[in-house]
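Dear colleague,

Please find below the structure I would like to hand over to you, with its sequence. My account of what was found in it follows.

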Amino acid sequence: MSASAVLGVNDWKDLLTGQSWIGLLVSTLTAFLLGRWLAGGKKRKPVLDTKEYREFPLVEKIVISHNTALYRFALPRSDDVIGLPIGQHITVAADIDNKTVARSYTPTSSNEDTGHFDLVVKSYEKGNISKYIGQLKLGEKIRVRGPKGQFKYTPGRISEFSMLAGGTGITPMYQIITHILYNLKDTTKINLIYANVNFEDILLKKELDELAKTYKDRFNVYYVLNNAPEGWTGGVGFVSKEMIDERLHKHADDKQFLMCGPPPMISAMKKHLAELNFPPAQTVSKAHDAVFVF
């Protein structure tokens, strides 16, 4: 045996020391990966507070039409969630003309979206909060608290939703629609009548059409316009009792009507539903009402 093949005492010490370092490296790497895995599986606490307003900066603005845009607001951390139950909304507050003004909005994003939340807002010249949001610059903040609202949803609670939405009243509907359709175990069906003045006023049309195409056995949308362009194949004028009777469900214990839109529209829809033998909508809707108004 050659001398080079014989390990001396110091050689063994060096080898064992090297093995110790390897063992330490493996242990450290294992602990790091385990920590990352555990952190990934652990949900962050929702950032909203029902009593205290919290500030969130505008990080992106996507123009949808001449007076409507999607506003994306950043949460404190990239893995934060807004923590808003489906069908509920937030309160946005701002100081305007030396007084605090607040309005309710429903994000179009969901709790599956981390690090941000989205608001689709139509800004009106005489509006308070909507105009304020429309004038925000990137980096400027809004004050938000929540959640608030009476609507509660669990899969299987009912077999079908019929929805009547007008203008920006589509936002709570869209949140509910996506939540139900993306859950392949949820068999709830949804039929939506969505009314607007002009074609360009239709919000989230591309997204709604794609959902109707992808989930055609579970979701259907019918658009109604006051001022219909040439070649329009949807409804024309105001939403009528006949449209509701033809396209939405008849009163049944396992089905529910949801409505959100301008007050004049909601008043007219309540009358239509009463003539179609639906129970009257309550002043403040409760989760299990046959007719729920946001």
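**Pockets, cavity and sheets**

In the second largest pocket, helix H3 provides the largest share of the lining, with four residues. Please note that the model is a predicted one. This pocket has a volume of about 520 Å³. It is lined by 25 residues, and those closest to its centre are Thr108, Ser109, Ser110, Asp113 and Tyr174. Strand S1 (54-65), strand S2 (68-74), S5, H3 and helix H4 (205-214) are the elements that each contribute two or more residues to this lining. Sorted by class, the lining of the second largest pocket consists of ten nonpolar, nine polar and six charged residues.

The largest pocket has a volume of about 1000 Å³. Its lining comprises 37 residues, with Gly166, Thr168, Gly169, Gly261 and Pro262 lying nearest the centre. At least two lining residues come from each of strand S4 (99-105), strand S5 (116-122), helix H2 (129-134), helix H3 (170-181), strand S8 (189-198) and helix H6 (263-275). H6 gives the most, namely five residues. The class composition of this lining is 18 nonpolar, 15 polar and four charged residues.

As to enclosed space, the search of the whole structure returned one cavity of 30 Å³ or more. The largest cavity holds about 30 Å³ of space. Its lining is made up of Ile82, Leu84, Ile86, Pro107, Ser109, Ser110, Asn111 and Gln175. Of these residues, four are nonpolar, four are polar and none is charged. Ser109 and Ser110 thus appear in the lining of the cavity and also among the residues closest to the centre of the second largest pocket.

Turning to the sheets, one open sheet contains six strands with parallel pairing, in the order S10-S9-S8-S7-S11-S12. Strand S10 (235-236) and strand S12 (291-293) are at its edges with a single partner strand each, so one side of each has no neighbour in the sheet. S10 pairs with strand S9 (residues 219-227) in the parallel sense over two bridges, and valine 236 in S10 is the bridge partner of leucine 225. Helix H3 packs on this sheet, where it touches strand S7 (160-166), S8, S9 and strand S11 (255-260), and its direction makes about 150° with that of S7. Helix H6 also packs on the sheet, touching S7, S8, S11 and S12; the direction of H6 makes about 155° with that of S11.

Another open sheet of six strands has antiparallel pairing and the order S4-S3-S6-S1-S2-S5. Here S4 and S5 occupy the edges, each with a single partner strand, so one side of each is left without a neighbour in the sheet. From one strand to the next, the twist averages 40°. Within this sheet, strand S3 (residues 89-96) and strand S6 (residues 141-148) run antiparallel and are joined by four bridges. Threonine 91 stands opposite arginine 145 in S6.

Finally, a word on confidence. The average pLDDT of the chain is 86, and 85% of the residues score at least 70. Over residues 1-7, pLDDT stays under 50, and the model has three contacts beyond four places in sequence for them. Over residues 23-41, pLDDT likewise stays under 50, with zero contacts beyond four places in sequence. Where pLDDT is low, predicted coordinates should not be read in detail.

Yours sincerely

Conventions:
Residues numbered from 1 in each chain as written. Predicted model: local features only at pLDDT ≥ 70, side-chain atom pairs only at ≥ 80, totals over all residues. Heavy atoms only, no water. 1 Å grid on protein atoms, 1.4 Å probe; cavity = no way out; pocket = protein on both sides within 12 Å on 5 of 7 lines; lining within 4 Å. Points joined across faces, edges and corners; volume = space filled by probe spheres on them. Nonpolar A, V, L, I, M, F, W, Y, C, P; charged D, E, K, R; others polar. Pairing = 2+ DSSP bridges. Contact = heavy atoms within 4.5 Å. Axes fitted to C-alpha atoms, helices over the stretch in contact; angles between N-to-C directions. pLDDT = per-residue confidence, 0-100.
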